[in-house]
Amino acid sequence: MVRHKMKFALTSVVVAVVAVVFLIGAASGEKGKEPVSSYAPVVIKESFATIMDRMKSEKPKIMARQMELLKNRYDLSDRKAKDVTMTKGKAVQEGTRAKLAAGLTWEKLGAMSPEDIKAKGLWPAGFLPLPHPNHPEGGMLFPKYHIEEIKKQEGRDLTRYDLDFDLPDHFLPEFPPPVFLTTRPDLGDVSQGKLITIMNYFELFNGVLNPKQLEGLRLLVTPFPQQQFNQTDDRRSELASRGVTCFDCHVNGHTNASTHLVGDIRPQEFRHRLDTPPLRGVNIQRLFGSQRALKSVEDFTEFEQRAAYFDGDPVIATKKGVNILERGSQVHFMAEFQALLDFPPAPKLNIFGKLDPKKATDSEKRGQELFFGKAECAHCHAAPYYTDNSMHNLRTERFFKPQMVNGRMANQDGPIKTFPLRGIKDSPPYLHDGRLLTLEDTVEFFNLVQGLNLNAQEKQDLVAFMRVL
């Protein structure tokens, strides 16, 4: 009897233990998989040499997969628009580059309902969210020409041993971009055609800026530790790194189309790729950050190095060397300089941001009429700066089924910020993740999203108008 009771008690304990293990496993996800967590691992259990060797060996396969994705989505050829350049002279790419299914035309697609496009799987792959070159890994990635110039000037290497930037150079902004100041429009391009760095900022701006602004610019070009570029074993540079600067992405207060993943979404596959937006015109903007939770350029400046630099993870930031900015004597100075960054000149626009009819072509005039009329662009992009300082949800999920693309769960974009269109030809690629390579792609995208049914001539006229903004 006693043995029977003991056997029963032991059996009960075993059942209880199995039940607990099962519940823990169920809560953690499928058997054998790591549990989903909001946190990155703090303790790295591999040596740096082992991590680097493994990631270097995986790099060719990862980059080949990403380049195959781009080639399947887009026409990546170098097709320059005739007589159209960016402010300093780099050719603007022309033509719709997103590819369609065989036998389909943009006119046929535009005549279909979102439900039909979704059911038949005809939404262009180039209009799906664009994944990071290695989405499960993520992190800041810089174009090769920027890496080379920083090495030349500073001896600081922004090369990642595990990844390269993916988009071809001819789809990126001109480099280095010109700098125009709201306080000194008489000077024109105050960068003198140079990339502004810690090595030359003083000689370029001493006597042009006041002492506060000059100190703010110094901080904007000073490298500080970042998730992939730091002194720890959990970095993606071969040598211990001083870090990155604000102007490594926002080159000369503009952009070089550097990319990384937004820090405010989890899990990893739902994080959006980010195409670095220009800082030009931040003085007239009121929403900042991926989810626009930051309401001033001061907020953006203060928290960018705490959040975006470290994938939105303050635990990792502490480990890798977060730079805590002081609000009164650093954040304010940096923000004051950023607020001086002006849009490039637009000689065909009048003081209200509309076309001067004496200077505009017939196509540009028709484009402006469409912009403020049939195409409904001005609902969000109001003159003179062509933004409404708001957020809008385009609900692109109406057109396609959720799908995993190279580690990125393509589903909903959610609300996105209305970026200013002033100087838009200077800042390709377009949309928040850079999925639209040209202005023609952008017009086709919004023609479908808004159900506009624009004809071919109307699309050309809209592009012509946006090129002169």
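Modeller: Two strands pair if DSSP finds at least two bridges between them; strands (E, at least two residues) and helices (H or I, at least four residues) are DSSP runs numbered from the N terminus. This is a predicted model, in which local features need pLDDT of at least 70 and side-chain atom pairs count only at pLDDT 80 or more, while totals for chains, interfaces and linings use all residues. Residues are numbered from 1 along each chain as its sequence is written, and side-chain values use heavy atoms, with hydrogens and water left out.

Colleague: In which sense do strand β1 and strand β2 pair, and over how many bridges?

Modeller: Strand β1 (residues 80-85) runs antiparallel to strand β2 (residues 91-93), with 2 bridges between them. Lys80 has Gln93 of β2 as its bridge partner. The two strands form a hairpin with 5 residues between them, and Gly89 in the turn has a positive phi of about 115°.

Colleague: How should a pair of packed helices be described?

Modeller: Two packed helices are described by the angle between their axes and the distance between those axes. Here the axes are lines fitted to C-alpha atoms, for helices over the stretch in contact, with angles from 0 to 180 degrees between N-to-C directions. Helix α7 (residues 211-220) and helix α11 (residues 327-338) have axes that come within 7 Å and cross at roughly 95°. The pair α7 and α11 is therefore roughly perpendicular (65 to 115 degrees; under 35 is roughly parallel, over 145 roughly antiparallel, and the rest oblique).

Colleague: Which residues of α7 and α11 meet?

Modeller: Contact means heavy atoms within 4.5 Å. From α7, the residues include Leu217 and Leu220, and from α11 they include Phe333, Met334 and Phe337. By class, this contact has 6 nonpolar, 5 polar and 3 charged residues (Ala, Val, Leu, Ile, Met, Phe, Trp, Tyr, Cys and Pro are nonpolar; Asp, Glu, Lys and Arg are charged; the others, Gly among them, are polar).

Colleague: At what angle do the axes of α12 and α14 cross?

Modeller: The axes of helix α12 (residues 362-371) and helix α14 (residues 456-466) cross at roughly 95° and come within 7 Å, so α12 and α14 are roughly perpendicular to each other. Among the residues that meet are Arg366, Leu370 and Phe371 in α12, and Asp461, Leu462 and Phe465 in α14. The α12 and α14 contact divides into 6 nonpolar, 5 polar and 4 charged residues.

Colleague: How is a cavity distinguished from a pocket?

Modeller: On a 1 Å grid over the protein atoms alone, a cavity is a set of points where a 1.4 Å probe fits but cannot get out, a pocket is an open set with protein on both sides within 12 Å along at least five of seven lines, and lining residues have an atom within 4 Å of a point. Points are joined across faces, edges and corners, and a volume is the space filled by probe spheres set on them. The whole structure holds 3 cavities of 30 Å³ or more, and the largest cavity contains about 80 Å³. Its lining has 13 residues, and those closest to its centre are Val92, Gln93, Pro428, Tyr430 and Leu437. β2 contributes the most to this lining, with 3 residues.

Colleague: What volume has the largest pocket?

Modeller: The largest pocket has about 1400 Å³. Of its 40 lining residues, Glu34, Tyr39, Ala40, Pro41 and Pro136 lie nearest its centre. The largest share, 5 residues, comes from α2, and the classes are 14 nonpolar, 9 polar and 17 charged. The second largest pocket has about 970 Å³, and α13 gives the largest share of its lining, 7 residues.
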